[in-house]
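Work through the exercises below with the sequence and the model open side by side. Each task is followed by a solution that proceeds step by step.

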Amino acid sequence: MKKQVCDLSHNINRGKVTVGNKRELTINMAASLIQFTINIGIGFCLSPFVVSKLGAEAYGYVGLANNIISYVSLLTIALDSVAGRFITIAYHQGEKEKAERYFSSTFMADCLIALVVAVVAIPVTFNLEHLINIAPHLVDDVKMLFAFLFVQFIITSVSTVLTVATFITNKLYLSSLANTGFSIVRLVVMMVFFGFLPPMVMYVGLGSLCGTFLTVLLNYRYTRRLTPELILRKDAISWPLVREMLSSGMWNVVIKLQQVISFGLKLLVANLMINPYKMGMMSIAQTVPSMVSGLMGTISGLFYPAQTRYFAQGRVTELVYDMKFGMRMCGFFTVVITTVTCVLGKEFFLLWQPGQDPKMLYLLMLITMMGFLVSGAATTLQNVPLIVNKLKTYSISWLLFSITSLPLTWILIKFTPLDIYAVAIVPTALEVLANVTFVPIYASTILKVSNWTFYPVYLQYVASTVLSLTVCIGIKHLLHISSKTWVAFFISAVIYTAIASIITLLTLLGNRERNDLWDIIKRKLHLKVA
């Protein structure tokens, strides 16, 4: 939930940002990168530990359970995806009473939705072995995993409205702090249970549930401190306001449905059409792409408050410039991470998942990472329809792209030798097609600018990616750099990161982006920022 409309200390001219806005962006981005680094470190250390304790098949149910939870989130996305927008606009237009009514109404509606989820989740959990393929010795364990994750979802749903405070005040670094706390608590709980009790997959769900309690507590404190005017009151509940928000957010359900069809069904299709083992391999292979995708969403989201403010004030020129700025900054990190991951992927899986099939894991990961060839730049543009509140055409178009995903996947599985790789190829290909042909043109259309406005950034981004990959792969083969141990791997990763960063700095980022990136580095080094 994001948006802020506030007075600025300086007017924004083309190519410039206010001192306050720049400082907020720098702090928020630094916090997001720190959170990403911690999460990826925990994920890389924890995943092989859990796989070694449970096996690839059992670990696959973790990804499957999370995907099924994402299906359930369709019930809440219509309201929660736009509630922050309505609350924030009312708040910054001085209509504090109306903001409080939106706030209270959203909370009550989420409580009712959570009740519906609970009613459905109980019989589903008890009869889970009849709905998906589960090895007999894992039935009770997997049921408990689903139970913990359903409870986590319910708690998260009723507390979602509390996350609006950090967005209203553009203090997104506090959200990063809460999310980091979630990851640490989850890690500690899982390590304790795996360390002292017989290994069970349910511990993953229990750890997530415990981490959620901390996140809710922190978000509650943020709300009380940052937006004390927003109080949950029974007499402030308004069902007409809920209907207003639902009518605006219903198209986000279609967008979420498209994401479920394209990506969320991967593991379910693998479970039902191939086998649980390869579902587990797919789940492991998706670890890095999922983290990169999360980082892309986080980085692009940092620009959302300012972009919404520009639109609310009718400053389209600044909005378009900031969109390009966000595309380049998000693209920078995506290019670097994608390059290093693709160049060192085989060695990484040999070290990270010993005993598993490194070739299968690498190819599955590589196929998904190919989608980042364009989505690294497109992610920021995907904010535009929500900012402008023109979601109908956008959501239906994405859905049409995705409707063909299941039949195409079925055809490839049945009539080609691609097997599990077909499950990865189809959604990636559709994502690339949509992000190249539809997303930039639709963003330009609703902003009433030239259809070619954003394509130069696309071209720069693709060129940076291809050049970085070519140079790093060439150096790897020419110098025969070894990465067979963790020490050698990290040294190689540092070298390729430096090379990709330099290439991307020169080919993708402009002076403004370079200066802001340097500010982030200086803040992380605790140096004074001008």
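## Exercise 1: A nonpolar patch on the surface

In this predicted model, Leu272, Met273, Leu408, Trp410, Ile411 and Phe415 make a nonpolar surface patch of about 590 Å².

Task: State which helices each supply at least two residues of the nonpolar patch, and how Met273 is classed by its relative accessibility.

Solution. Step one is to assign the patch to secondary structure: helix 10 (266-274) and helix 19 (405-415) each supply at least two of its residues. Step two is to weigh the contributions, and here helix 19 has the largest share, with four residues. Step three turns to Met273, which is found in helix 10. Its relative accessibility is 32%, and because buried means under 20% and exposed means over 50%, Met273 counts as partly exposed.

## Exercise 2: The chain as a whole

Task: Establish how many helices and strands the chain has, and what percentage of its residues count as buried.

Solution. Begin with the secondary structure, which comes to 24 helices and zero strands. Next consider burial: of the 530 residues of the chain, 56% count as buried. The accessible surface comes to about 22300 Å², and 68% of that area belongs to carbon and sulfur atoms. Finally, examine the contacts with a sequence separation of 6 or more, of which 83% are accounted for by residues 24 or more positions apart.

## Exercise 3: Nonpolar cores

Task: Identify the residues with the most contacts inside the largest nonpolar core, and the helix that gives the most to this core.

Solution. The largest nonpolar core has 151 residues, and within it Tyr61, Ile87 and Ile299 have the most contacts. The helix that gives the most to this core is helix 14 (residues 316-352), with 20 residues. There is also a second, separate core of six residues, among them Ala165, Ala178, Tyr222 and Leu226. Two of these names return when Thr227 is considered, since Thr227, leaving aside its neighbours within four places in sequence, is in contact with Tyr91, Ala165, Ile168 and Tyr222. Thr227 lies in the loop between helix 8 (202-226) and helix 9 (239-264), and its relative accessible area is 0%, so it is buried.

For Tyr61, with neighbours within four places in sequence again left aside, the contacts include Ile132, Ile134, Leu138, Val142, Pro276 and Met279. Pro276 and Met279 are also among the buried residues of helix 11, a helix (residues 276-285) that is mostly covered, with nine of its ten residues buried.

## Exercise 4: A covered helix and a loop residue

Task: Decide whether Asn383 is buried or exposed, and find which residues it touches beyond those up to four places away in sequence.

Solution. First locate Asn383, which is found in the loop between helix 16 (372-381) and helix 17 (384-388). Its relative accessible area is 15%, and so Asn383 is buried. Not counting residues up to four places away in sequence, it touches Ser300, Tyr304 and Gln307. Tyr304 and Gln307 both appear among the buried residues of helix 13; that helix (residues 304-312) is mostly covered, seven of its nine residues being buried. Helix 13 is followed by Gly314, whose phi is positive, near 70 degrees.

## Exercise 5: Salt bridges

Task: Describe the salt bridges that the structure holds, and say where the partners of Glu129 and Lys476 lie.

Solution. The structure holds three salt bridges. In one of them the side chains of Glu129 and Lys143 meet, at 3.0 Å from N to O. Glu129 lies in the loop between helix 4 (96-126) and helix 5 (139-159) and Lys143 in helix 5, so this pair ties together parts that are 14 residues apart in sequence. The partners are covered to unlike degrees: Glu129 is partly exposed, with a relative accessible area of 30%, whereas Lys143 is buried, at 15%.

Another bridge joins Arg315 to Glu318, with the closest N and O atoms 3.9 Å apart, and both of these residues are buried. In the bridge between Lys476 and Glu347 the N to O distance is 2.8 Å. This pair links distant parts of the chain, with Lys476 in helix 22 (residues 455-479) and Glu347 in helix 14, 129 residues apart; Lys476 and Glu347 are both buried.

Notes. Residues numbered from 1 in each chain as written. Predicted model: local features only at pLDDT ≥ 70, side-chain atom pairs only at ≥ 80, totals over all residues. Heavy atoms only, no water. Patch = residues over 30% accessible without salt bridge, like charges linked within 9 Å, V, L, I, M, F, W, Y side chains within 5 Å. Areas by Shrake-Rupley, 256 points an atom, 1.4 Å probe, with all protein chains shown as cover. Salt bridge = Lys/Arg side-chain N within 4 Å of Asp/Glu carboxyl O. Buried < 20%, exposed > 50% of the residue type's maximum accessible area, 1.4 Å probe, protein only. Core = buried A, V, L, I, M, F, W, Y, C linked by side-chain atoms within 4.5 Å. Contact = heavy atoms within 4.5 Å.
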